[in-house]
Amino acid sequence: MLSRYTKAKFTVVTAVLLSLFIILTMSGCGNGKDQPKDSSGDKKNEISEEEQAKREQLEADAERGILILVNKEHSVDKDYVPENLAPIKYYAKDRSAQTRFMVSEAADHFHELVEAAKADGIDIVMTTAYRSYDFQTMLWNNNVASKGSEEEANKTSARPGESEHQTGLAVDLSTKEINYALSNAFGSTEAGKWVEENAHKYGFILRYTEEKVDVTGYLYEPWHIRYVGTTAAKDIYESGLALEEYLKQQGLDTYVK
């Protein structure tokens, strides 16, 4: 017969073994079945890698200067001239030949945009693209004289040094449907609608939209598009942000200091 001590010891061991069995059963260990693999960690890593790749591309674009911010608060000086200006192939023939240039990368993408539109039966040409400081000074003075004050002129026209056109990354558009005029009517043309829906595919954004007048400081200009590269253009198109808002969101200080 077992002693009381032996019985007590046996009871304790049995209780411990039973507890271990219950714990192992509840945790799924030792049941001979494979447990489902948690892939949430992998998914998070994939998203992180995608975001990292986008971030690296935006930083590279900023380094190349295509995300430069020029507006009423951030200007460039009189001597600022972008590098690698290249001629534009598609332009309104009655406009100044001085403005038929863009930064080479932007010019290539603009040509792709125009050619894609043409394949869809849409006519698009540039009216002006690059403007020097002196050319912008002439336009500004004319607008002030026409509008009667600098305040009124500055709703639609940039002061010298505050125009995106001086960067060689902006281009104004028109189409034969409105006799190649520079007009808000462009937004209602087949060309204007095509640009609104497709410009981002070629790295361009509508820079001055109706919804962002308070942010940009300029009235609606459906004809004015700006090259920012396809990564930023896609984000801005999908989010509806102005360039100022997008650069702030991304933590990019791309104005000339």
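## Exercises on helices and a sheet

Just after helix α3, Gly121 has a positive phi of about 80°. Helices (H or I, at least four residues) and strands (E, at least two) are DSSP runs, numbered from the N terminus. The model is predicted, with pLDDT of at least 70 needed for local features. Residues are numbered from 1 along each chain as its sequence is written.

**Exercise 1.** Work out what span helix α3 should have, and set it against the model.

*Solution.* Start with the rule: the expected span is 1.5 Å times one less than the number of residues. Helix α3 covers residues 104-119, which is 16 residues, so it should span 22 Å. Now look at the end C-alpha atoms of α3: they are 23 Å apart, which agrees.

**Exercise 2.** Find the buried residues of helix α8, then look at what follows the helix.

*Solution.* Buried means under 20% relative accessible area, exposed over 50%, and partly exposed in between (1.4 Å probe, protein chains only). In α8 (residues 230-239), Thr231, Ala232, Ala233, Asp235 and Ile236 are buried. Next comes Gly240, with a positive phi near 80°.

**Exercise 3.** Which order do the four strands of the open sheet have?

*Solution.* Two strands pair if DSSP finds at least two bridges between them. Following the antiparallel pairing gives β3-β4-β6-β5. The edges are β3 (125-128) and β5 (204-208), each pairing on one side only. Then take one pair: β4 (residues 170-174) and β6 (residues 221-227) are joined antiparallel over three bridges. Finally, locate Ala170, which stands opposite Arg226 in β6.

Note on methods. Predicted model: local features only at pLDDT ≥ 70, side-chain atom pairs only at ≥ 80, totals over all residues. Heavy atoms only, no water.
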